[in-house]
Structures are given as structure tokens and as C-alpha cells.
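User: I should like to go through this structure in a series of questions and answers. Please reason each answer through before giving the value or name requested.

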Amino acid sequence: MIYFENDYCEGAHPAILQKLLETNMEKHPGYGTDPYCVSAKEKIRKACGCPGAEIFFLTGGTQSNAVVIGSLLRRYEGVLAASTGHVSLHEAGAIEYTGHKVLELPQKDGKIQASALSARLKDYYADKSYEHMVFPGMVYISHPTEYGTLYTRQELEDISAVCAQYDLPLFLDGARLGYGLASDGTDVTLADIARCTSVFYIGGTKVGALCGEAVVFPQKAPPHFFTMVKQQGALLAKGRLLGIQFDTLFTDDLYQKISRNAIETANALKDALRQKGYRFFLETPTNQIFVILENGQMERIGRDVKFGFWEKYDEKHTVVRFATSWGTRMEEIRELIAVLP
């Protein structure tokens with residue numbers, strides 16, 4: 001079976017495994033107070049251009065989203081997000097479990113527009129009954145989006161400006177951030193994200209780590225954020241396990257280098273799919289490739305290839321996703337191309 005089902009099929013980059021092995025018998029204090037976490041945080045601050053940033057290592061993406069959103073919102077507030085956003089669709093109600101509603105916004109190719117956000121907020125406060133409604137308390141976006149698309153720097157700045165106008169935190173989900181930063185033609189840097197957002201996270205789980213995400217507050221974290229991380233089960237006692245991984249990823253630009261591999265292998269697959277006449281659901285510049293397959297064709301290909309079901313297209317067709325990763329090899333691309341009709 002050939003695996004292109006997601007971008008976390010593999011374990012971890014060999015450099016991380018080697019460093020974990022080398023440091024395995026060292027004795028360190030827990031909960032992120034070890035020297036590896038300290039070193040990783042300093043490297044991330046430098047990469048973001050934020051010397052005063054507060055950084056926390058959490059166990060995974062859903063935990064990061066739930067803890068960040070739950071800690072920033074007041075009890076009567078909800079979070080604005082694209083109707084296709086991860087917190088809207090694929091987190092099993094984790095946000096609602098914290099007591100906060102996801103307020104869905106219209107989207108185009110997975111992205112929200114500043115104009116739509118502004119109109120929604122203007123309409124909300126124009127309603128004389130708004131005190132009886134869930135207040136919009138923050139804005140959530142992801143980069144890349146659920147559809148592998150990317151915001152431009154101008155789009156980020158425009159959304160950030162609307163958030164500033166209404167005094168709303170802007171939270172960027174960076175589960176696949178490495179693949180966004182490494183994509184061809186993007187004009188968004190880590191420093192841009194730190195400048196435009198109130199909080200974001202750097203994904204490790206999908207970009208070379210065994211597990212873990214680095215949550216970054218470019219200015220200041222909410223009071224007692226560490227305590228809330230523990231309260232919601234997202235804190236590792238052996239915090240050094242996450243610190244070592246991010247310290248390794250942010251040494252010698254490893255995070256960017258391995259992310260680039262996912263883009264190069266995805267580009268090769270896209271070219272081959274075009275040559276074979278496959279129809280794309282939308283064009284994406286990252287590692288997620290969405291193809292429209294006839295249902296019978298999908299079943300036949302599925303005998304040899306693991307891909308992701310995405311959504312029903314019509315009665316006879318389905319949108320599926322092929323995903324490359326930091327660990328995808330060009331030989332695997334050639335193997336996949338050989339079995340595709």
C-alpha cells in the first residue's frame with residue numbers, strides 16, 4: 001500500500017530521534033523548565049524577530065487550539081472562524097467543550113476576507129439586541145488553511161487591521177506552518193505572522209516532530225496561561241521531550257529545509273497528475289493536493305493507495321486529498337504515479 005493519506009504518517013525526523021537518544025539518560029527538571037526548552041524558545045524568538053515573545057510547548061494541535069481559545073475568551077464570547085476551519089469541522093467540538101461557540105464566517109478556498117469579517121462585526125454591533133447574543137471575542141485563521149491555501153501578507157495585514165479596530169485577538173493555527181513558509185511564491189514570513197497576530201503556533205506534529213506544537217505570544221500571554229495548559233491536559237511533565245524536538249527543528253534552519261521537501265514532492269505529483277488529465281478541486285501551493293475522482297475510479301485507486309476522503313463533489317464524484325510531508329521521498333512519488341491510471 002502506498003501512503004499519501006496525511007502529512008503525519010511518519011514518525012519523526014532522524015535528527016530528532018538521534019538527539020532524543022543522545023539525551024535520554026540526562027536528568028532535567030520537568031514542565032518545560034529544562035535547558036532544552038529554554039534554548040528552543042530563544043531560537044524561536046530569534047526566528048520570529050520577537051525577543052520578548054512568550055512561548056509554550058503543548059502536546060498537539062487540537063489541545064493548542066482549545067487552550068488558546070479558551071484562555072483568551074470571556075465566558076460570553078465566541079470565536080470567529082471560516083466555515084471550513086479546523087475548529088469548525090474537525091475538532092470534535094473541542095472548542096464548544098470549553099464553553100465557547102464557533103461563529104462561522106463565509107470563506108473562499110478556505111480563507112476569510114477582511115471585508116467579510118468587517119461586515120460581520122459591523123452588523124453585529126448594529127443589532128440592538130447584541131447584548132443577548134454571543135459576542136465575537138477573537139478571530140481564528142489557519143495558515144495554510146484546511147484547503148492548503150495561503151494568505152498573502154496583505155491579506156494578513158488587512159485582517160489584523162480589522163481585529164485591531166474591534167480590539168479582537170487574532171489567532172493563527174500553524175499546524176502546517178512550515179509548509180506555508182516554504183511554499184513557492186509566498187510573501188509571508190514568520191516575522192510577518194508574529195507582527196500581525198496576537199498568538200500563533202508553530203506546528204511540529206505535522207512537520208517533522210513526533211508530537212507537539214510551539215504556541216507563541218509575540219507580546220504577552222494571558223495571566224496564568226501555563227496553569228490553563230496543565231488544567232486542560234496539554235502539558236507534558238517531561239517537557240524536555242518537546243523542547244529537544246523544537247530545539248533541533250530550529251537549529252541550522254532544519255524546519256524550513258524539511259518543509260521544503262514536502263513542497264518539492266507535492267509539485268512533482270501535481271505535474272504528473274496534470275499530465276495524466278486529473279481534475280483538481282482547487283489549486284493549492286502547499287503539500288495538500290485535492291483531486292476530483294469518479295467514485296468507481298476512487299475505489300479502484302484505493303486498492304493500492306491510501307489517500308484522504310475530503311468531501312462529496314456530486315452523486316458520481318468525490319474530492320480526495322493526497323498529502324506529501326517532510327518525509328516523502330521522490331521514489332514514493334514515482335511509485336504513486338506508476339499505479340495511477
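Analyst: A residue is called buried when its relative accessible area is under 20% and exposed when it is over 50%, with partly exposed in between. The model discussed here is predicted.

User: By that scale, is R329 buried, exposed or partly exposed?
Analyst: The relative accessible area of R329 is 43%. Partly exposed covers the range between under 20% and over 50%. R329 is therefore partly exposed.

User: With which residue does R329 form a salt bridge?
Analyst: The closest N and O atoms of the pair are 3.4 Å apart, and the cut-off for a salt bridge is 4 Å. The partner is also partly exposed, with a relative accessible area of 43%. R329 forms this salt bridge with E331.

User: Which residues are joined into one network by salt bridges that share partners?
Analyst: Salt bridges in this model number 16. Where salt bridges share partners, they join R153, E157, D192 and R195 into one network.

User: How many residues apart are D247 and K43?
Analyst: D247 and K43 form a salt bridge, with closest N and O atoms 3.0 Å apart. D247 belongs to helix 11 (residues 240–249) and K43 to helix 2 (residues 35–48), so the pair links distant parts of the chain. The separation is 204 residues.

User: Of D247 and K43, which is buried?
Analyst: K43 has 27% relative accessibility and counts as partly exposed. D247 has a relative accessible area of 10%, which is under the 20% limit. The buried residue is D247.

User: Which residue forms a salt bridge with E77?
Analyst: E77 is at 7% relative accessibility and counts as buried. The closest N and O atoms of its salt bridge are 3.1 Å apart. The partner is R74.

User: How do the buried residues of helix 14 lie around its axis, and within what arc?
Analyst: In helix 14 (residues 330–339), the buried residues are E332, I333 and L336. Seen down the helix axis, these residues line one face, because they fall within a limited arc. On the other side of helix 14, R334 and A338 are exposed. The arc is 105°.

User: Against which elements do the buried residues of helix 14 pack?
Analyst: One of the elements is a helix, helix 12 (254–275). The buried residues of helix 14 also pack against strands. The full set is helix 12, strand 1 (2–3), strand 11 (305–306) and strand 13 (317–323).

User: Which strands stand at the edges of the open sheet with the order 9-10-13-12?
Analyst: Four strands form this sheet, and their pairing is antiparallel. An edge strand has a single partner strand, so one side of it is left without a neighbour in the sheet. The edge strands are strand 9 (279–280) and strand 12 (308–312).

User: Which residue of strand 10 stands opposite F280?
Analyst: Strand 9 and strand 10 (residues 288–294) run antiparallel and are joined by two bridges. The residue opposite F280 in strand 10 is V291.

User: What angle does the direction of helix 12 make with that of strand 10?
Analyst: Helix 12 packs on the sheet. It touches strand 9, strand 10 and strand 13. The angle with the direction of strand 10 is about 25°.

User: Which peptide bond is cis?
Analyst: The bond in question has omega near -5°. P144, one of its two residues, lies in the loop between strand 5 (135–142) and helix 7 (153–165). The cis peptide bond runs from H143 to P144.

User: What is the phi of D253, which is not a glycine?
Analyst: D253 lies in the loop between helix 11 and helix 12. At 47% relative accessibility, D253 counts as partly exposed. The phi of D253 is positive, at about 60°.

User: Where does D109 lie?
Analyst: D109 has a positive phi, near 55°, in a residue other than glycine. At 38% relative accessibility, D109 counts as partly exposed. D109 lies in the loop between strand 4 (102–105) and helix 6 (114–126).

User: What radius of gyration does the protein chain have?
Analyst: The protein chain holds 14 helices and 13 strands, and 54% of its 341 residues count as buried. With 341 residues, a compact globule would have a radius of gyration near 20 Å. The protein chain agrees with this, at 20 Å.

Methods. Residues numbered from 1 in each chain as written. Predicted model: local features only at pLDDT ≥ 70, side-chain atom pairs only at ≥ 80, totals over all residues. Heavy atoms only, no water. Buried < 20%, exposed > 50% of the residue type's maximum accessible area, 1.4 Å probe, protein only. Arc of directions from axis to C-beta. Contact = heavy atoms within 4.5 Å. Salt bridge = Lys/Arg side-chain N within 4 Å of Asp/Glu carboxyl O. Pairing = 2+ DSSP bridges. Axes fitted to C-alpha atoms, helices over the stretch in contact; angles between N-to-C directions. Rg over C-alpha atoms; globule rule 2.2 N^0.38 Å.
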